[in-house]
Amino acid sequence: MLDKETLKILVDKYPVFKVKDINANYIKPIDLYKELRKKEANYTVELAGKSIGKRDIFKVSYGSGKTKVLIWTQMHGDEPTSTSAILDLLNFFEDKDDIHNLKKKIKENLTISIIPMLNPDGAELFTRENLIGIDINRDALRLQTPEAKILKEEFDKFEPQFAFNMHDQNCYYTIGNRDKMPAISFLAPPFDYHGSINSGRIKSMKLIVELNQILSILQPDSAARYKDEHEPRSFGDHFSSRGSSVILIESGNSIEADGKEFIRKLNFLLLLAAFDTIADYSFINNDESHYYAIPENKERMFDLILRNATLEKFNQSFTVDIGIKRTKKYDINGERFYYTSSIEEIGDLSTYTAWEDYNLEGFSIQPLKYFYNENSVVFSYNSVRELLKKGYGFIIDNLQSDSMVYTTLPINFARSIKSIDYPAIGQPANTMFSNESNEYYILINGFIVSSKDLNCLPNLSNKIKNALIFD
Ligand SMILES: [Zn+2]
């Protein structure tokens, strides 16, 4: 196991190795290619193949040892964290001076083959699937996508003893039943429906036990484990069935200020710790039963929960909680992220937690009002604020441009009136809540502002990141 002293040096020195031009939240293929080109002097950088959109998929190799390690990142285009960590690692290995013994040990004992960004088309568009809309990680058997074929061919040719399957998990998981999201989740993928164990899988478990120990030093109580649910169409399970020791690492989330950048650093450190212990096989002494002691991932989070609101329907009052999720999307033309939202549950959400949680006891659900823009006014941030204060949530406008689906203003636009008065499951999250003291909350596209915010906050754009444009 990496000794604490080396780990501390790595933590302290990390800013030196970190590739500053790469952001862990979004990486364009062209930015990756630029970084890889710089690596050609010290690494074997080869073209592994082309994506369905004819983008290059590269393979980078390091070391000349007898133990073979395959790593692939970003088979889901909207999961870039580990790609950024891989670039940091390549920087680290390249540096001649620092922590020389560790580098020498890894280089002499391992041959590491890395496919960074297996799904460059999805990475550009920030979508999970590839350009034809297929989830590459459900294509391990049928092999319809060129990206899946590339990964399968590389595995067949290379025959790695260890395979690292790098992902970002969605932000709705908690560590067991605690109200805390994991920073990292692990899985030693099962190769059958019984969750059976063979020698390859035992090694995966032993290795994860070690990585969990390292993680608990870096960030205590931040690990979770996926359930043994067999998915034969996924690559982790498939390679596990072929006898390789597969380690799934899912980057979670952190409420620390730098969010994914912090998780990127954990990826960097965990991969180095894994290489170190694979190089001397010391992980083999770990007790695999500790693998099952890592708390299981539970999907019991929302982006936003509005609790104890009063719903008046059929002349009766009901106390309801509303659970809302937001989907982050990338606007290629505008070069910015925007969100769409949906109401996922209504009722008793007392067993759930959320990134943002409001108690709306005493507040009744009211429909938002529609403002008819008969005079074709061009709205500013301030005029929208005045509309929100009066309970308007939609501007009915004869919009010229039909290509835009979102607005940077904190109010929705629509070409015609929507007929939904009350929140409903599967619908976009737009409504308002008011109480008898004339206090109110406005919910726009899954973002909420209070009457206090509307009166006091100079800028609402942190509260309502964007509203939508409806037909
Ligand atoms: Zn994924």
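User: Which strands does helix H9 lie across?
Analyst: In this predicted model, H9 (residues 259-280) lies across S3 (67-73), S4 (110-115), S5 (162-168), S7 and S9 (245-251).

User: And what's its angle to S9?
Analyst: H9 runs at about 165° to S9.

User: OK, what order do the strands of that open sheet come in?
Analyst: The order is S1-S2-S4-S3-S5-S9-S7-S8, so you won't find them lined up by number. There are 8 strands, and the pairing is mixed.

User: Which ones stand at the edges, and why does one side of each lack a neighbour?
Analyst: Those are S1 (44-50) and S8 (223-225). Each has a single partner strand, so one of its sides has no neighbour in the sheet.

User: How much are neighbouring strands turned against each other?
Analyst: By 20° on average, if you ignore direction.

User: Back to S8. In which sense does it pair with S7, parallel or antiparallel?
Analyst: Parallel, over 3 bridges, with S7 covering residues 184-187. If you want a spot to look at, isoleucine 184 stands opposite alanine 223 in S8.

User: Switching topic: what does S20 pair with?
Analyst: One partner is S15 (residues 364-366), joined to S20 (residues 431-434) by 3 bridges and running antiparallel to it. Another is S21 (residues 440-444), also antiparallel, with 4 bridges to S20.

User: Which residues stand opposite serine 434?
Analyst: Serine 364 stands opposite serine 434 in S20, and serine 434 also stands opposite tyrosine 440 in S21.

User: How many residues sit between S20 and S21?
Analyst: There are 5, and the two strands form a hairpin. Asparagine 438 in the turn has a positive phi of about 65°.

User: What about methionine 117, where is it and what's its phi?
Analyst: Methionine 117 is in the loop between S4 and H5 (120-125). Its phi is near 70°, a positive value in a residue other than glycine.

User: Is methionine 117 buried or exposed?
Analyst: Buried, because 30 other C-beta atoms lie within 10 Å, and the cut-off for buried is 20 or more.

User: Now leucine 143: where is that one, and what's its phi?
Analyst: Leucine 143 is in the loop between H5 and H6 (146-158). Its phi is near 50°, again positive in a residue other than glycine.

User: Why does leucine 143 count as partly exposed?
Analyst: Because leucine 143 has 14 C-beta neighbours inside 10 Å. Exposed would take 12 or fewer, and buried 20 or more, so 14 falls in between.

Notes:
Residues are numbered from 1 along each chain as its sequence is written. This is a predicted model: local features need pLDDT of at least 70, side-chain atom pairs count only at pLDDT 80 or more; totals for chains, interfaces and linings use all residues. Two strands pair if DSSP finds at least two bridges between them. Axes are lines fitted to C-alpha atoms, for helices over the stretch in contact, and angles run from 0 to 180 degrees between N-to-C directions. Two residues are in contact if their C-beta atoms, placed from the backbone, lie within 7 Å.
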